[in-house]
Every structure is written in structure tokens, then in C-alpha cells.
Amino acid sequence: MKKQQQAGGLVYSTEHGRMCPGCRQPIDACTCAKAAPPPSDGVVRVSRETKGRKGKGVTVVKGVPLDAEALQQLGKQLRTACGSGGTVKDGVIEIQGDHVELVMDKLKPHGWTVKRAGG
């Protein structure tokens, strides 16, 4: 019985609807989804990649110590500053085109250690 309680718990309540098995709160008030940012070594790396993009270059920003929502906002600010499109996937900001120097200049005022990665 004790093992079953640790493994799961209440998954549906007539009062609240679906329940999160992790924090045992209603899905709307779940705190599991708002997990801490991924562990980082404190260095934000900016590089240019073309691999798998048919020769088109993109600027890639990795290691930003922000949660998913703040990372989306930072990605939007960087895309606006560069005047190009891009996306945020799996904790990585991708901006279309070669904007490494501009992105590095925009990230330094945040107080992070920013390094150029790759060639």
C-alpha cells in the first residue's frame, strides 16, 4: 500500500477535475510545469550553424539560465533586434541569419558571461 501511494495518487477529482500526479494539485494550478531552468555552467554560448539547414546559417544561443517563458521573451527581443525570424526550441534560441556579434552585444548587459562558440 505504501509503495502505491508513493508511485501515484489522486488523478481525478469531481471538485477540481484532473490532478497532477507530481504535485497533487489541479492541472490548472500545477507547479511541476513551472520547473526551474535547466542546470547551466553560467556561460551563454553564441554560435553560427548551417548543419541540416541546406546551407542557410542561423545564430544559436545556448546556456541561457532562464525558464521557458522568460526564454521565449528573450528570443522575441533578440529576433526583433536582429530584424529576422527564429524560434526557441528545447532551451535553445535560434535566429535566422548570421547575427552572432549583435546577439552577443545584446546579451552582455544582462550580466551573463557570453562567449562565441565554434569557428
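## A look at the strands, helix H2 and salt bridges

In strand S4, Lys 62 is the bridge partner of Arg 45. That is a handy place to start in this predicted model, because it leads straight into the pairing of the strands.

Let's stay with strand S3, residues 43–49. S3 and S4 (residues 58–62) run antiparallel, joined by five bridges. S3 also pairs with strand S7 (residues 113–116), this time in the parallel sense and over four bridges. If you want a spot to look for on that side, find Val 43, which stands opposite Thr 113 in S7.

Now for the salt bridges. How many does a search of the whole structure find? It turns up three, and here they are:

| Acidic residue | Basic residue | N to O distance |
|---|---|---|
| Asp 98 | Arg 48 | 3.6 Å |
| Glu 49 | Lys 62 | 3.8 Å |
| Glu 101 | Arg 116 | 2.8 Å |

Take Asp 98 and Arg 48, whose side chains meet in a salt bridge. Asp 98 sits in the loop between S6 and H3 while Arg 48 belongs to strand S3, so this pair ties together parts that are 50 residues apart in sequence. Arg 48 is partly exposed, at 44% relative accessible area.

Then there is the salt bridge of Glu 49 with Lys 62. Here Glu 49 is in strand S3 and Lys 62 in strand S4, 13 residues apart. Glu 49 counts as partly exposed at 26% relative accessibility, and Lys 62 is partly exposed too, with 39%.

The side chains of Glu 101 and Arg 116 make another salt bridge. Since Glu 101 lies in helix H3 and Arg 116 in strand S7, the pair ties together parts 15 residues apart in sequence. Glu 101 is partly exposed at 46%, and Arg 116 is partly exposed at 43%.

Next up is helix H2, which covers residues 68–82. Its 15 residues reach 21 Å from the first C-alpha to the last, close to the 21 Å expected. Which residues of H2 are buried? They are Leu 71, Leu 74, Gly 75, Leu 78 and Cys 82. These cover an arc of only 105° around the axis, so they end up on the same side of H2. Over on the other side, Glu 69, Gln 73, Lys 76 and Thr 80 are exposed. The cover over the buried residues includes strand S5 (86–89), strand S6 (92–96) and helix H3 (100–107). Right after H2 comes Gly 83, with a positive phi near 70°.

Finally, have a look at Glu 94 in strand S6. Glu 94 is buried, with a relative accessible area of 16%. Leaving out residues up to four places away in sequence, its contacts include Arg 53, Thr 59 and Val 60.

Terms used: Residues numbered from 1 in each chain as written. Predicted model: local features only at pLDDT ≥ 70, side-chain atom pairs only at ≥ 80, totals over all residues. Heavy atoms only, no water. Helix = DSSP H or I, 4+ residues; strand = E, 2+ residues; numbered from the N terminus. Expected span 1.5 Å × (residues − 1). Buried < 20%, exposed > 50% of the residue type's maximum accessible area, 1.4 Å probe, protein only. Arc of directions from axis to C-beta. Contact = heavy atoms within 4.5 Å. Pairing = 2+ DSSP bridges. Salt bridge = Lys/Arg side-chain N within 4 Å of Asp/Glu carboxyl O.
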